[in-house]
Amino acid sequence: MFSLSSQSPEFLSGIHAAPKQVHSHRQGNTDARLARPDSELDRPETQARLLYIEDNLVNQLLVEELTAMRPAWRLELAGDGAQGLNRAASYLPDLILLDLELPDMNGFQVLQALRASAATAHIPCIALSANAMPEDLRRAKAAGFSDYWTKPVDFKAFHAGLDQFLAELAQRAECIKPAASPGS
């Protein structure tokens with residue numbers, strides 16, 4: 001489990017900053033301590049969209065803070081499997097981070113439901129779990145997860161994973177751009 005006491009002073013100073021009364025990307029959450037400034041809501045639509053389905057508020061906060069360090073990403077949060085499925089269908093993220101232990105269903109059930117919908121079947125999903133035994137990783141890969149990241153979250157590995165996925169996303173976008181017309 002993630003522990004705030006083990007984090008650097010720089011990370012902790014960001015968490016303990018004065019609360020801001022602003023809108024949050026958290027689904028159904030109006031807690032000012034956990035919200036993002038309005039200026040971050042005005043980000044361009046060219047950002048990659050990330051959905052994190054996680055019921056633990058500390059883990060949500062951690063991923064929110066880590067993602068804020070990567071302005072190319074726009075993060076949305078969902079607190080359980082049902083909210084996650086609804087949010088995935090409406091938000092159509094480029095990537096989903098999915099906790100495997102949710103209160104209403106497990107991550108494998110969420111993944112199965114995502115794959116059963118034409119609107120969300122193509123979205124890559126990464127399992128993010130404290131279960132880190134080799135069998136857990138094999139099971140997740142066999143179920144169709146694109147990758148398996150473990151908790152506690154390794155900050156550098158998390159950022160490297162997001163950066164790598166973003167580079168792959170940009171490369172795919174380059175491949176599907178229409179060719180320039182002659183004479184242009």
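Where is the place of Leu92? Leu92 sits in the loop between α4 (81-91) and β3 (95-98). The model is a predicted one. Leu92 makes a good starting point for a walk through it.

The backbone of Leu92 has a phi near 45 degrees. That value is positive, and the residue is not a glycine. How buried or exposed is Leu92? Leu92 is partly exposed, because its relative accessible area is 34%, and partly exposed covers the range between under 20% (buried) and over 50% (exposed).

A second loop deserves a stop. This one lies between β5 (147-150) and α7 (155-176), and Pro152 is found there. Pro152 is joined to Lys151 by a cis peptide bond. The omega of that bond is about 0 degrees.

Now step back to the protein chain. How many helices and strands does the chain have? There are seven helices and five strands. Read from the N terminus on, the order is α-α-β-α-β-α-β-α-β-α-β-α. Two helices open the run, and a helix ends it.

Next come the totals. The protein chain has 184 residues, and 41% of them are buried. Its accessible surface comes to about 9,900 Å². Carbon and sulfur atoms account for 56% of that surface.

Last, look at the contacts. Take those in the protein chain between residues at least 6 apart in sequence. Of these contacts, 63% join residues at least 24 apart.

Terms used
Residues are numbered from 1 along each chain as its sequence is written. This is a predicted model: local features need pLDDT of at least 70, side-chain atom pairs count only at pLDDT 80 or more; totals for chains, interfaces and linings use all residues. Side-chain values use heavy atoms; hydrogens and water are left out. Helices (H or I, at least four residues) and strands (E, at least two) are DSSP runs, numbered from the N terminus. Buried means under 20% relative accessible area, exposed over 50%, partly exposed in between (1.4 Å probe, protein chains only). Contact means heavy atoms within 4.5 Å. Accessible areas come from the Shrake-Rupley method with a 1.4 Å probe; for residues, only the protein chains shown count as cover.
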